[in-house]
Amino acid sequence: MNILLKGGLFITKLDGKVAVVTGAASGMGKAIATLYGENGANVVAADFNFEGAEAVASEINDAGGSALAVSVNVTERVQVESMIDTAIDAFGDLNILVNNAGIMDSFEPVGEITDEKWDQIFDVNTKGVMRAMRKAINYWVDNDKEGTIVNTISTGGLNGAHAGVAYGASKHAAVALTKNTGWMYAKKGIRVNGIAPGSIETNIGSSMKDISEFGMERAGMTHGLSPRIGQAGEVAEAALFLGSDASSFVNGTILTVDGGWTAGF
Ligand SMILES: NC(=O)c1ccc[n+]([C@@H]2O[C@H](COP(=O)([O-])OP(=O)(O)OC[C@H]3O[C@@H](n4cnc5c(N)ncnc54)[C@H](O)[C@@H]3O)[C@@H](O)[C@H]2O)c1
């Protein structure tokens, strides 16, 4: 647990904050939700794997924290909006939104990508993020409140070929969403940042079907240069920093968490 000493009292880094974390049933979302819970946040663990989200919320509550699970498919506008409303109804406010839910493509280069696959990847990785951001931002602006958004993006949002063309394009768009929104609302006490993880050990491979041999071989050359595979907890620590007041002057930027991988090219 990360504990600060302030005025003789022990407080945690996110004491009393209300945080929504999407994709919280697995991988980095699970690690972020858990670390936020350990740090005093009221956590809404949101995922379309509701059982998984419930298990994470139970673990947080059993450890003395405060959490509830919400079923959400981030491709559905109504569900995304109701996820934010549920957080506000249950805990009285919204302070932090972590847009973490995401899926991989199957390493298809542009010659192999279908319209359907392109739309699916963008619906989850980009449009779902925009819709949750829009809902949270309007809540803060309408109520004259401050807030912070952390988007789990990818080194694939900064570089050309860490996956296929659809994943890369969807994550580049998420970088633009992050920077544009960080700038637009900078004078309203709203901060928006992204994390660009490198290769992290999670369950994301399970969303990959019918891998493109050609695309995998090309992208695999860059993956071969990664110094090591990271752990979800290492990304969660970056999300804790960006979600907390420790990063109060950090806005509109992308923090690469890749063990130095992309510094090399
Ligand atoms: N694992 C990596 O190497 C890596 C690297 C860079 C970025 N990322 C990004 O990190 C984020 C988290 O991925 P992860 O690696 O922890 O994967 P993961 O598969 O372990 O977890 C992703 C979670 O998102 C949920 N999810 C997927 N689609 C959803 C939808 N439509 N609505 C609601 N929930 C949905 C899944 O149920 C799952 O619980 C993603 O945005 C991914 O693109 C992953």
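Axes here are lines fitted to C-alpha atoms, for helices over the stretch in contact, and angles run from 0 to 180 degrees between N-to-C directions. Helices (H or I, at least four residues) and strands (E, at least two) are DSSP runs, numbered from the N terminus. The model is predicted, with local features requiring pLDDT of at least 70 and side-chain atom pairs counting only at pLDDT 80 or more, while totals for chains, interfaces and linings use all residues. Residues are numbered from 1 along each chain as its sequence is written.

**First stop: two helices side by side**

Select helix H4 (residues 115-142) and helix H5 (residues 165-184), whose axes come within 8 Å and cross at roughly 15°. Angles under 35 degrees count as roughly parallel, over 145 as roughly antiparallel, 65 to 115 as roughly perpendicular and the rest as oblique, and H4 and H5 are therefore roughly parallel to each other. Now display the residues in contact, meaning that their C-beta atoms, placed from the backbone, lie within 7 Å: among them are Trp-118, Phe-122 and Met-130 of H4, together with Tyr-167, Lys-171 and Leu-177 of H5. Coloured by class, this contact of H4 with H5 has twelve nonpolar, four polar and two charged residues, where Ala, Val, Leu, Ile, Met, Phe, Trp, Tyr, Cys and Pro count as nonpolar, Asp, Glu, Lys and Arg as charged, and the others, Gly among them, as polar.

**Second stop: H3 against H4**

Keep H4 and add helix H3 (residues 77-91), which packs with H4 at an angle of about 40°, the axes being 9 Å apart; H3 and H4 are therefore oblique to each other. The residues to show include Arg-77, Glu-81 and Ile-88 of H3, and Arg-131, Lys-135 and Tyr-139 of H4. By class, the contact of H3 with H4 has six nonpolar, one polar and four charged residues.

**Third stop: H1 and H2**

Move to H1 and H2, whose axes come within 9 Å and cross at roughly 20°, which makes H1 roughly parallel to H2. Their contact is made by Lys-30, Ala-33, Thr-34 and Gly-37 of H1 and by Val-56, Glu-59 and Ile-60 of H2, and it divides into three nonpolar, two polar and two charged residues.

**Fourth stop: the sheet**

Hide the helices and select the seven strands of the open sheet, which has the order E5-E4-E3-E6-E7-E8-E11 with parallel pairing; two strands pair if DSSP finds at least two bridges between them. At the edges are strand E5 (66-71) and strand E11 (254-257), each of which pairs on one side only, and the twist averages 15° from one strand to the next. Zoom in on strand E8 (residues 190-197), joined to E11 by four bridges, and pick Gly-194, whose bridge partner in E11 is Ile-254. Bring back helix H7 (residues 232-243), which packs on the sheet and touches strands E3 (18-22), E6 (96-99), E7 (147-152), E8 and E11, with its direction making about 165° with that of E8. Helix H2 (residues 50-62) lies across strand E4 (42-47) and E5, running at about 175° to E5.

**Last stop: the ligand**

Finally, select the ligand and the 29 residues that surround it, of which the closest are Gly-23, Ser-26, Gly-27, Gly-102 and Thr-202; a residue is taken as near a molecule if its C-beta atom, placed from the backbone, lies within 6 Å of it. Helix H1 (residues 27-38) gives the most to this shell, with three residues. The shell around the ligand divides into eleven nonpolar, 17 polar and one charged residue.

Methods:
Contact = placed C-beta atoms within 7 Å.
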